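Trainee: I have just opened this structure and would like a guided tour. Could you walk me through it?

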Amino acid sequence: MERSLTEGNSLKQIIWFAFPLLLGNLFQQLYNLADTVIVGKTLGIDALASVGASSSLNFLILGFCMGLCSGFAIPVAQTFGAKHYSAMRGYVMNSAILAAAVSFSFAIVTVIFCRQILILIRTPENILDGAYLYLVIIFAGIPFTVLYNLAAGILRALGDSKSPFLFLAISTILNIFGDLLCILVLHMGVAGAAIATITAQAISGICCVIYMKKRFSILAASREERRPDGNKMKKLLAMGVPMGLQFSITAIGSVMLQTAVNSLGSSIVAAFTAGMKVKQFAMAPFDAVGNTSATFCGQNLGARRLDRIRTGMRQMIGIALGYSILASLALIFLGEPMIRIFVDAGETEVIGYAVQYLRCMGYFFWLLAFLNTVRSAVQGLGHSTSAMFAGLLEMVARTSMSLLAIPAFGYLAACFTDQTAWLAAATYIMIDYVMIMRKQERLVAGDASWKK
């Protein structure tokens, strides 16, 4: 059922809300790890590199769609916190219309141009066909990805973080069994891994929608509330598009980085792929705190509880910093056994490169505690454009490193590219958060001279 985050003990509510998100993010990473482990162990290094070579493009396109859905959930959280339930239902209905139009359009365009884009980012010839086969299937399943992310975003906006996790956990298990069936039994190669992933995403999305209809009576919309509303669509797009662009702009930098790494050879591509999977798994708690931050700030802004936002932010940053210390120690000292999950012990060159990547990452992991928490808070406060600009800074940093540092210093520069991007974005977004909160204080105080 729906749950308000505007009253009660903020720390308890943050932990209560974030824990299912953490489990969900971990399962979502298992979702991706299943492909990587099974492909790397059963199909070989070239197949692993094929999946890895497409990861940045995957993030570029799917990241926009997921950011769009997260943005659509913000007006839902704000109107729910303000107890304007009719407007909330209108936003839910209009977000579904927009999401359907965007997802099918993206699926068609990306499937058509998939191979050309892979060639453009210098995918090595020996893994091009495998990368194309994997990615074109993933792109064809974009509507299923959007379905789950929109439904899960709406549930979280209503204070329910448990249900999306449960459906994602079920689909993750199905994905793992699907990988084993398609790759080991049906011998479908990397295409089998993609098919299993898309099927699992479809199941999780459909289950979320069915559950919402049966259990959330507050979402039962009247005929008037179901009608397309131009004003609501404009606000949804004003929130969703900048958040989607934030993901995509950030991903452009990742594409540039992937392009630079691809030019270093398939062994380094495989090492980078394995290292990225470990990094993404380690980042799951930051994402959980970030999603909590967006919903918590969105609901409390609607309720005009700025004092509660400030208290909650201190608590969430503290939680994220505490985790970052543990994660950094694991990345620095336990990199090799983690990499061997994906790569056979005999691939010593690949393991060495991947361990180097994780050690360099570990020394700067604390930056994500500030970046993810504060950027999500800014989004929840309705300033998606600010979050997009932080993504733009990440893109500039990654692109600069990819075009200048990696050609000059090789793989070592690639190991420090993400950290450079985090530092640039975190510095900006923390300053911007302070300014936004001061602006909101003036608005709540009724200062007529201050214009929103």
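**Salt bridges and cores**

Mentor: Gladly! The structure holds eleven salt bridges, a salt bridge being a side-chain nitrogen of Lys or Arg within 4 Å of a carboxyl oxygen of Asp or Glu. This is a predicted model, where local features need pLDDT of at least 70, side-chain atom pairs count only at pLDDT 80 or more, and totals for chains, interfaces and linings use all residues. Residues are numbered from 1 along each chain as its sequence is written, and side-chain values use heavy atoms, leaving out hydrogens and water.

Trainee: How far apart in sequence are the parts tied together by Arg 89 and Glu 225?

Mentor: Arg 89 and Glu 225 form a salt bridge whose closest N and O atoms are 3.0 Å apart. Arg 89 is in helix α4 (residues 85-120) and Glu 225 in helix α9 (residues 223-226), so the parts they tie together are separated in sequence by 136 residues. Helices here are DSSP runs (H or I, at least four residues), numbered from the N terminus.

Trainee: Is Glu 225 buried or exposed?

Mentor: Buried means under 20% relative accessible area, exposed over 50%, and partly exposed in between (1.4 Å probe, protein chains only). Glu 225 has a relative accessible area of 12%, so Glu 225 is buried.

Trainee: Which residues share a salt-bridge network with Lys 279?

Mentor: Lys 279 forms a salt bridge with Asp 418, with 2.9 Å between the closest N and O atoms. That pair links distant parts of the chain, Lys 279 being in helix α11 and Asp 418 in helix α19 (residues 417-445). Through shared partners, Lys 279 is joined in one network with Arg 375, Glu 394, Arg 398 and Asp 418.

Trainee: Which helix gives the most to the largest nonpolar core?

Mentor: A nonpolar core is a set of buried Ala, Val, Leu, Ile, Met, Phe, Trp, Tyr and Cys residues joined through side-chain atoms within 4.5 Å. The largest has 67 residues, and Phe 365 is one of those that touch the most other members. With nine residues, the top contributor to this core is helix α11 (residues 266-282).

Trainee: Which backbone oxygen lies 2.8 Å from a polar side-chain atom of Thr 373?

Mentor: Thr 373 is found in helix α16 (residues 367-380). At a relative accessible area of 1%, Thr 373 is buried. The backbone oxygen lying 2.8 Å from a polar atom of its side chain belongs to Ala 369.

How values were computed
Helices (H or I, at least four residues) and strands (E, at least two) are DSSP runs, numbered from the N terminus. A polar contact is a pair of N or O atoms within 3.5 Å; within protein, one must be able to donate a hydrogen and the other to accept it, and residues adjacent in sequence count only if both atoms are side-chain atoms.
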